[in-house]
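Me: I should like a close look at a single part of this model, namely one place where two helices pack against each other. Please describe the packing in a connected way and set it in the context of the chain.

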Amino acid sequence: MSIVRSLLVSLGFKVDKKSAKEADQTIKGFSKQLLVVGTAATYAFRIVKNAISNISNGILESDELARSLGLSLAEIESLQEGFQKFRISDSSFKSLFATLQKDLDDFKKGVGRLPEIIRQTGIQVTENSPLTTYFEELIKYLGQFENETDRINVSSELFGEALKVKLSDLAANFDEFKKPVSETYTVLKDTPDLTDKFKDYE
């Protein structure tokens, strides 16, 4: 006797071969549906869990970076947002600001390249200047070079070969770098030639 039939008998139901078979099929179908729903729910839970985990990890990484550079989390997020406009990755951003932070740390010790940079560029940086001020002073100085080739060459001297072109482009468009992404989106969205292209993303 099947498990289903035994259960029905124990509950006082009259069971013949036909009714037991139908009961078996009904319960098997129901069990299968539960399995499908359960699998889907588990999969959905994993997606949500992974998404939350990624967001949490991103926040923790940004917070750790902010602490190491002596910046607020809002400043880090604003800078990362600006760099993304110029196709500069988070890893390149971290490497760049680690180098600039080292310049400031060395400056306080009376060593390093920053005294010579100040002498040659005239940027307004002191031992107590925030990291963001140092970066912006360099970018503003770089932006004074109207000739692109000259600007790229100076960018290479200040920031190295890897980012010389992108930071040259950033310096030439510093106002755009400073704009919040939401404001940039609004400006582009309201440009007649681009209006239709943004409809798919709303």
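Reply: In this predicted model, helix H7, residues 148-159, and helix H8, residues 164-172, have axes that come within 8 Å of each other and cross at roughly 115 degrees. Two packed helices are described by the angle between their axes and the distance between the axes. The handedness of the crossing of H7 and H8 is right-handed.

The contact can be followed residue by residue. From H7, the participants are Glu148, Arg151, Ile152, Ser155, Ser156 and Phe159; from H8, they are Lys164, Val165, Leu167, Ser168, Ala171 and Ala172. Sorted by character, the residues of this contact comprise 6 nonpolar, 3 polar and 3 charged.

Ser168, a residue of helix H8, merits separate attention. Its relative accessible area is 2%, and Ser168 is therefore buried, the cut-off being under 20%. The side chain of Ser168 forms a polar contact with the side chain of Arg151, at 2.9 Å. When neighbours within four places in sequence are left aside, the residues in contact with Ser168 are Leu142, Glu148, Arg151, Ile152 and Ser155. Among these, Glu148, Arg151, Ile152 and Ser155 are also listed on the H7 side of the contact between the two helices.

A second buried residue, from another helix, may be set beside Ser168. Phe107 lies in helix H4, which spans residues 90-108. Phe107 has a relative accessibility of 16% and so counts as buried. Setting aside residues up to four places away in sequence, Phe107 touches Leu114, Pro115, Ile118, Val125, Thr126 and Glu127. For Glu127, which is 20 residues from Phe107 along the chain, the separation of the two C-alpha atoms is 6.5 Å.

The setting of these details is a chain with 11 helices and 0 strands, and its pattern along the sequence reads α-α-α-α-α-α-α-α-α-α-α. Of the 202 residues in the chain, 28% are buried. Among the contacts in the chain with a separation of 6 or more, 41% join residues 24 or more positions apart. The chain exposes about 13800 Å², of which carbon and sulfur atoms supply 55%.

To return to the part requested, the crossing of H7 and H8 is right-handed, and the H8 residue Ser168 is linked to Arg151 by a polar contact between side chains.

Methods. Residues numbered from 1 in each chain as written. Predicted model: local features only at pLDDT ≥ 70, side-chain atom pairs only at ≥ 80, totals over all residues. Heavy atoms only, no water. Axes fitted to C-alpha atoms, helices over the stretch in contact; angles between N-to-C directions. Helix = DSSP H or I, 4+ residues; strand = E, 2+ residues; numbered from the N terminus. Left-handed = near helix turned anticlockwise from the far one by under 90°. Contact = heavy atoms within 4.5 Å. Nonpolar A, V, L, I, M, F, W, Y, C, P; charged D, E, K, R; others polar. Buried < 20%, exposed > 50% of the residue type's maximum accessible area, 1.4 Å probe, protein only. Areas by Shrake-Rupley, 256 points an atom, 1.4 Å probe, with all protein chains shown as cover. Polar contact = N/O pair within 3.5 Å; in protein donor to acceptor, adjacent residues only side chain to side chain.
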